[in-house]
Amino acid sequence: MKPVHTSEFPYDAGKITDDIKPKIVRSFLKDAFDSITRGGAGYHVWMGTLTFVMLTGAFAYSIQLNEGLSVTGMNDRVSWGFYISNFTFLVGVAAAAVMLVLPTYILKDVDFSKAVLIGEGLAVAALFMCLAFVTVDMGGPARVWHLIPGIGLFNWPSSMLTWDVLVLNGYLFLNLTIPFYILVCHYQGKHPNARIYVPGVIISVFWAFCIHLVTAFLYAGLPARPFWNSSLLGPRFLASAFSAGPALIIIVLSVIRRFTDYKVENVTIGKIALIVTVAAQINLVMLGSELFKEFYAPTHHSESAVYLFFGLHGFGGLRPWIWTAIMMNLFATGILTLNPLRNNHKWLLPACAILFISIWIEKGMGLIIPGFIPGPWGKIVEYTPTWIEICVSLGIWAMGMFIFTLLVKIAIPIETGKLRYVTETVSSGEKTTTNMPASTNLV
Amino acid sequence: MSHCNCSSPDPIRKNGMHELLAENVLSDWLKRDDEMNYLRSMPSLESVLMWSQYNNQPTSLAITKRTAADHVLDKGMDRRTAVQAMAASLMAGMGFFQTACNPFAPADEREKSQLAWDDYFQGNFRIMTDKEKEETVRRLERMYELNTGKRINISAKGPIPGVLYGYAFNISKCRGYLECIRGCIEENNQDRETGMQYITLHEHKKGQMNFGEAPDDFYHEVPRDGHFYIGTQCMHCENPPCVDVCPVQATWKEEDGIVVVDYNWCIGCRYCEAACPYDARRFNWQDPVVPENEVNHNQHYLGNRLRKKGVMEKCTFCIQRTREGKNPACVEACPTGARIFGNLLDPNSEIRWVLANKKVFRLKEDLGTEPKFWYFMD
Ligand code: SF4
Ligand code: SF4
């Protein structure tokens, strides 16, 4: 199918809009609510399952609230664990939405337009998961208002954590408002005004880099932890994020086009796969550079890396994790690098899944935990997540999928033209939809 | 203060107005006061849990039928008060609390709820006025009394001008008796259940100084042949990374150089623990337990007062002792005299003598944290 240029946009001429009336928003919200509450049996089973997992997580969290964080595997030596690992990884997933936003809105590369709303939805879900993971990790979640500037005491700019709070919430705001605006326009069968959303998009591109760099600086800024205190940490975060995030988007798009009538062209998936491949290759180069630095002339500061990869003083709990991750990463990157395999979806999808999991391990068990081992005085205390941590984390992942499903359930009928604003015609009193063909290409 | 002034819509503050009123008016006012206390007696979920744990019984809470919104309308407010009121209505609306009006609830219970409420919305200690600090510690004392029937003394004493504390550790003298650790735990009301300790004693083999190979959990006769001992604890860095990273300024360096934590303000993110190169910070992973008969009743707000679960704590150079001119408990407890403490700004202090006459060093100096904790040998 030939990409449709803006001037040939299949909507009524002159229907560029920048005014969003409360009446329309109300109708939009009502229709959105109808859309998410209706669906086939499969949809309800899926949402029911997610709800069940969320409730299990909530139950585990209630135990943690009552007993304290002692029910986790964390302690004074390994003071961050599974929660912060997941948080770090998900910031990367959220940041990856930019890889789709950039070409779609700015370079007007229409091939990505079908993917971009999905990518932004993914970012929103990932950000909610990030915030949830940070909250469950806190000892005093009830005192979180101390963080609100004005009422609490916000230690900005000194603390990188305050920067993270700002960039994450800002990014969440951008990724909620831009798709909302576009969807409400499409809902009325109108074309969104570029002068309104493009500045927002440019900011969010810049912002996406920020969220992941700032999160890396959270760790890189601690001279007390030599494993993290490296200038490569930030760039490496970006590279791994820009492979794991779009890899997830490929999987999600494949699922969506299989189960809905939302059409995504192969060429779109092919382009995203190229992004994944390049990012994964850069990530491997950086990994090699890190390994060289740690192992060619190991110093006292290489102890964490030695512990991680080979074990130290008889402790080696993380070895299986990291070697699994490295093997999976090499395998997936290998498949992606070979053109015939990458273009074959039988290979591409498993490769994306493997890459995604390998980076999840690498950013979590392979990065956050070894930063604490050995401790500041060289003592080794190992860490394994408890079932409470695992249940709570699963619950948060289920929450993310739940949010994402809701967003997609709203966006797809609008994008496929099935859900449109209904105007009341005064004369006849009968309801008519705005007259326009179902859209194939919207942004 | 005149009569008409009293009828202004500000029945909450008690600042001494009662003395000036006729007896019958006074009793009216007390009733009104009670009611208002009652109104404000909607503590946070967390405080509720805390209270019921202290009492080992479900807390009975009651609020009047007047909503918090009325409260909002009643008086001019600052921002924090507004937030309190909003949160109150939110909580009431969400049915977090029993809404049944129960004016016959014991006065004790109502006071407790009120104090828990104030406790939750307390501001950051560092930026309080002296008066607010005083009110805060009085409240904490009262809370303890209501719970245990015992009185404690919590000080809010500020730094003494012209004082900067420093510490020196004599490696030649330490024989690994661990008396410092015992003294510290008793003085500072540390959690007995998890065996929390601020001080770590590392047993090094002679001929090397590799902390990774020096056990800190030895239980055998000391001093052990061929070994020497080094103690570590919070070094009260002049340039403390733990303070920089705290997102809510719950930890800071006082004028006299002591790095402290406001246990009421800390949100328990543990970023400071990751940032400390000296393994000095300790987190309350669960509710700390100190049997009442072992509690040290001489406390300081920033020091050894009882902590709660989910907050960070650490060595404070025994702020409750040192600001009264005494030595920290570890210095007192050490039978060999290996520990020296004093004012770095006083040229005649013992610590200054050590710095001038011994060849001293500090740990991890390359990190630029400027610890005020020196080591030396005879
Ligand atoms: S030793 Fe650690 S806790 Fe103490 S002041 Fe230095 S960095 Fe902070
Ligand atoms: S644990 Fe408490 S003191 Fe430490 S950084 Fe977090 S809020 Fe600040």
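Modeller: A residue counts as buried under 20% relative accessible area, exposed over 50%, and partly exposed in between. Keep in mind that this is a predicted model.

Biologist: Why is V267(A) called partly exposed?

Modeller: Its relative accessible area is 41%. That value falls between 20% and 50%, so V267(A) is partly exposed.

Biologist: Where does V267(A) lie?

Modeller: In helix 9 of chain A, residues 266-296. The C-alpha atom of V267(A) is separated by 9.0 Å from that of F112(A), 155 residues apart along the chain.

Biologist: Now the helix pair. What makes helix 3 and helix 7 of chain A roughly antiparallel?

Modeller: Their axes cross at roughly 155°. Angles over 145 degrees count as roughly antiparallel, so the two helices earn that description. The axes come within 8 Å, and the crossing is left-handed.

Biologist: Which residues of helix 3 of chain A meet helix 7 of chain A?

Modeller: Among them are I84(A), F87(A) and V91(A). The helix 7 side includes I211(A), L218(A) and Y219(A). By class, the contact has nine nonpolar, four polar and no charged residues.

Biologist: What makes a residue count as near ligand 1, and which come nearest?

Modeller: One of its heavy atoms must lie within 4 Å. There are 14 residues around ligand 1, and C234(B), M235(B), C237(B), C242(B) and C276(B) come nearest.

Biologist: How does the shell around ligand 1 divide by class, and what class does Cys get?

Modeller: The shell has eleven nonpolar, one polar and two charged residues. Cys counts as nonpolar here.

Note on methods. Residues numbered from 1 in each chain as written. Chains lettered and ligands numbered in written order. Predicted model: local features only at pLDDT ≥ 70, side-chain atom pairs only at ≥ 80, totals over all residues. Heavy atoms only, no water. Helix = DSSP H or I, 4+ residues; strand = E, 2+ residues; numbered from the N terminus. Buried < 20%, exposed > 50% of the residue type's maximum accessible area, 1.4 Å probe, protein only. Axes fitted to C-alpha atoms, helices over the stretch in contact; angles between N-to-C directions. Parallel < 35°, antiparallel > 145°, perpendicular 65-115°, else oblique. Left-handed = near helix turned anticlockwise from the far one by under 90°. Contact = heavy atoms within 4.5 Å.
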